[in-house]
Amino acid sequence: MREVGAVGQAPSLSLPTPFKTVILASTMGQFPLTLSRFITQKQAAQPGATGELASLLTQIGLVGKLIAQDLRRAGLINILGTTGEINVQGETVKKLDEIANETFLKVFHHSGLVCALASEEMEKPVLLPENWQQAKYMLLFDPLDGSSNTDCNMPLGAIFSVLKSERKDRMPTEDDLVRKGTEQVAAGYLLYGSSTMLVYTVGHGVHGFTLEPGIGEYLLSHEQIRMPARGRVYGTNEGNSHKWTTGTKKYMEYLKTPDRATGRPYSGRYSGCLVADVHRILLEGGIYLYPGELDRPEGKLRLLYEANPLAWVVEQAGGKASTGTMRILDVEAKQLHQRVPLIIGSANDVRDAEEFIQGRRM
Ligand code: AFP
C-alpha cells in the first residue's frame, strides 16, 4: 500500500490507517460517498426539492453520532441504571432512554426543520409554535430501541418516521401526527452495533451508511439494499409462546421442523433490539415476529414510530410487513402510542406466517 503523499501529493500525515485509506481512495477518485453528498445527489434528481428533507436526514445522522458517543462510554460515565421513573408505556425509564430522547429534542427543537416532535418517551408531542409556518415536517421517533440491552453492551437502535405537516392555516395538533404509514415521506433507523449505521428510505430504495469515527462522517456502505425473498432466520421472544395464538404456534413449529427442501429448521436469532434483528433480516433475509397475544391481541410494538417506519424500509427493500392479517402501512392509526402486532421480513416468509396465523394453513 503506497503511503499517503506518494499518490495525491497529500501531506504525509501520521494518521490511523482507515483515514489514510479514505484519503488514498479520494486521491484516486474513489472517495466513498458521504451521507450528505449522497442525499444531495439524490435530491438533485427530485424536482422541487428544497433540501429541507436532506437537512433533516443529516440531522438524524448527527443524533446518531451524539448517542453513539454516549453509548461508547456508557459503562464508564455512570449513566447506566435507571432514573426510577416510569414512562407512558409503563416501562422503567433508563438513563440512556432519557439522554437519547433529549438528544433528539436538542438537535431538532431549533432546527427550523420540524413543527412537531413525538417520541415513545413522551406522552404528548412537542409542538413548536415558532416553526409551524415554515417547517414542513413532523418527526416521530423511538429514541432508544432495545433499552433492555443498555446495561450489557448489546445492540441498541433508534427508529424515525417523517410526516409532512399538511396544515399551514394553523399550528399542528397531536391528531396531525396520527397518520397511516403510507403517508410517511422518510423513514429509517440508527443502529448502534459493532459500528454505527444510518439506514433510510424516502421511497426510492433503501440505503445504508456506516459511521467512520476517524472522520466523523457516514459513508455509503449499503446502496439500494434488496432483501432475499426468503431467509433462514427467525427472531421472536419464545418466552411468550404460551401467550401465542394457535396460528402463531403452528407457524413457529413449522419453522422448526426439519425439511431440507425448504431450508428448515430456521435458526433463532433474537437480540432484544428490534432494529438489530430487522437489520440482520434486511441484509440476509428471514422473519421477525412480535405477534398479537391471547391477552394482548394488539401486541407490544408501537405503530407510528416502530412498525410503520420499519415496514416502509423493508417494503422498499422487497420485503413485507404485516399485522398477521393486514399490511402494516395500511393500518388505520387511531392514537399516538397505538400498539400493533408486527410480522416483518422476507416476502415469502411473511406470506407463510400470514397463512398460518389466518388459519389458511395448518
Ligand atoms: P425496549 O426498548 O423496551 O427494550 O423494547 C424493545 C422492543 O421494543 C424491541 O426492540 C424488541 O424486539 C422487543 O421490544 C423486545 O421485547 P421483549 O423483551 O418483550 O422480547
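This passage looks at strand β6, its neighbouring strands, helix α8 and the largest cavity in a predicted model.

A good place to begin is strand β6, which spans residues 156-164. Eight of its nine residues are buried, so the strand is largely enclosed by the rest of the structure. Strand β6 pairs with two strands, both times in the antiparallel sense: with β5 (residues 137-145) over seven bridges, and with β7 (residues 186-192), again over seven bridges. V162 of β6 helps to trace these pairings, being the bridge partner of L139 on the one hand and having A186 of β7 as its partner on the other. As a general point, the side chains of a regular strand alternate between the two faces of the sheet.

Helix α8, covering residues 303-316, is likewise mostly covered, with 13 of its 14 residues buried. Just after this helix comes G318, whose phi is positive at about 100°.

Strand β6 and helix α8 come together in the description of the internal space. Two cavities of 30 Å³ or more are present in the structure, and the largest has a volume of about 40 Å³. The lining of this largest cavity is made up of L140, S161, L163, R179, K180, G181, Q184, L304 and N308. The elements that contribute two or more residues to it are β6 and α8. Sorted by class, the lining is mixed, with three nonpolar, four polar and two charged residues. For the helical side of the lining, which includes L304 and N308, a general rule is handy to keep in mind. An α-helix has 3.6 residues a turn, so residues three or four places apart point the same way.

Definitions and conventions
Residues numbered from 1 in each chain as written. Predicted model: local features only at pLDDT ≥ 70, side-chain atom pairs only at ≥ 80, totals over all residues. Heavy atoms only, no water. Buried < 20%, exposed > 50% of the residue type's maximum accessible area, 1.4 Å probe, protein only. Helix = DSSP H or I, 4+ residues; strand = E, 2+ residues; numbered from the N terminus. Pairing = 2+ DSSP bridges. 1 Å grid on protein atoms, 1.4 Å probe; cavity = no way out; pocket = protein on both sides within 12 Å on 5 of 7 lines; lining within 4 Å. Points joined across faces, edges and corners; volume = space filled by probe spheres on them. Nonpolar A, V, L, I, M, F, W, Y, C, P; charged D, E, K, R; others polar.
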